[in-house]
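I opened this notebook to record what I looked up in one structure. The entries follow the order of my searches.

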Amino acid sequence: MKKVILGTTLATSLLLVGGITASADVAMPEVPSVPFAVTITEGTSSFAFNDMNLNGTFEISPALFTNGTMTGTIENVGGTLTNLTRSVNRVTIRVSSDSEGIVITENGDVAVEAEAISQSVATSVDTTFTFNRQTALLDGTPTITVTASDTTDSGNGHEL
């Protein structure tokens, strides 16, 4: 009886201390390699202007004749560039005016860049300009032109 109790105690002690290790080999089935086709196309890029507007209603006011100049802001200058080509695409947006007396004083150039094969990238800044008394007295309509171009000027433009 003593031997049975000692044997049981020894077996229990080995289990509790971790003296017995069990292992088994697990066989993994062969997984066939399935090729898949990859097609790379040059794709296209497209650019769209933001909806731009003058900050409030810009009118010739008595301040123009008192101080000689007025300042205005074109809001949301920029656009969205979608690039589905294999190389980075860049568009430069240029804000300019051929009208005498209108000077772009801030953010005349806005760069929009989209990495290759990217979703649309949107850019927006406000552009500040000054408008002087000389312009107010011109015949015709003073204009500010916003043009988007890549490496060669595409002639895309918005007149404000």
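**Entry 1: salt bridges**

I searched the whole structure, which is a predicted model, and found two salt bridges. I took R90 and E113 to begin with; their closest N and O atoms lie 2.9 Å apart. R90 belongs to strand 4 (residues 89-96) and E113 to strand 6 (residues 109-114), so this salt bridge ties together parts that are 23 residues apart in sequence. I then looked up the exposure of E113: its relative accessible area is 39%, so I recorded the residue as partly exposed.

I turned next to D109 and R94, whose closest N and O atoms are 3.0 Å apart. This pair likewise links distant parts of the chain, with D109 in strand 6, R94 in strand 4 and their positions 15 residues apart. For R94 I noted a relative accessibility of 40%, which means that R94 counts as partly exposed.

**Entry 2: the chain as a whole**

I counted the secondary structure of the protein chain and noted three helices and nine strands. Along the sequence I read the order α-β-β-α-β-β-β-β-β-α-β-β. Of the 160 residues in the protein chain, 24% are buried. For the exposed surface I recorded about 11300 Å², of which carbon and sulfur atoms supply 55%. I also checked the contacts with a separation of 6 or more: 69% of them are between residues 24 or more positions apart.

**Entry 3: strand 8 and its pairing with strand 4**

How many residues of strand 8 are buried? I found four of the five in residues 145-149, so strand 8 is largely enclosed by the rest of the structure. I then looked at how strand 8 is joined to strand 4, and noted an antiparallel arrangement with five bridges. Within this pairing I looked up T92, whose bridge partner in strand 8 is S149.

**Entry 4: the largest nonpolar core**

Which residues of the largest nonpolar core touch the most other members? I recorded I74, V77, I93 and V146, in a core of 19 residues. I then listed the elements that give two or more residues to this core: strand 3 (69-83), strand 4, strand 6, strand 7 (118-132) and strand 8. Strand 3 gives the most, with four residues.

**Entry 5: cross-reference**

I compared the entries for strand 4 and strand 6. Strand 4 holds R90 and strand 6 holds E113, and both strands are among the elements that give two or more residues to the core. Strand 4 is also joined to strand 8 by five bridges.

Technical notes:
Residues are numbered from 1 along each chain as its sequence is written. This is a predicted model: local features need pLDDT of at least 70, side-chain atom pairs count only at pLDDT 80 or more; totals for chains, interfaces and linings use all residues. Side-chain values use heavy atoms; hydrogens and water are left out. A salt bridge is a side-chain nitrogen of Lys or Arg within 4 Å of a carboxyl oxygen of Asp or Glu. Buried means under 20% relative accessible area, exposed over 50%, partly exposed in between (1.4 Å probe, protein chains only). Contact means heavy atoms within 4.5 Å. Accessible areas come from the Shrake-Rupley method with a 1.4 Å probe; for residues, only the protein chains shown count as cover. Two strands pair if DSSP finds at least two bridges between them. A nonpolar core is a set of buried Ala, Val, Leu, Ile, Met, Phe, Trp, Tyr and Cys residues joined through side-chain atoms within 4.5 Å.
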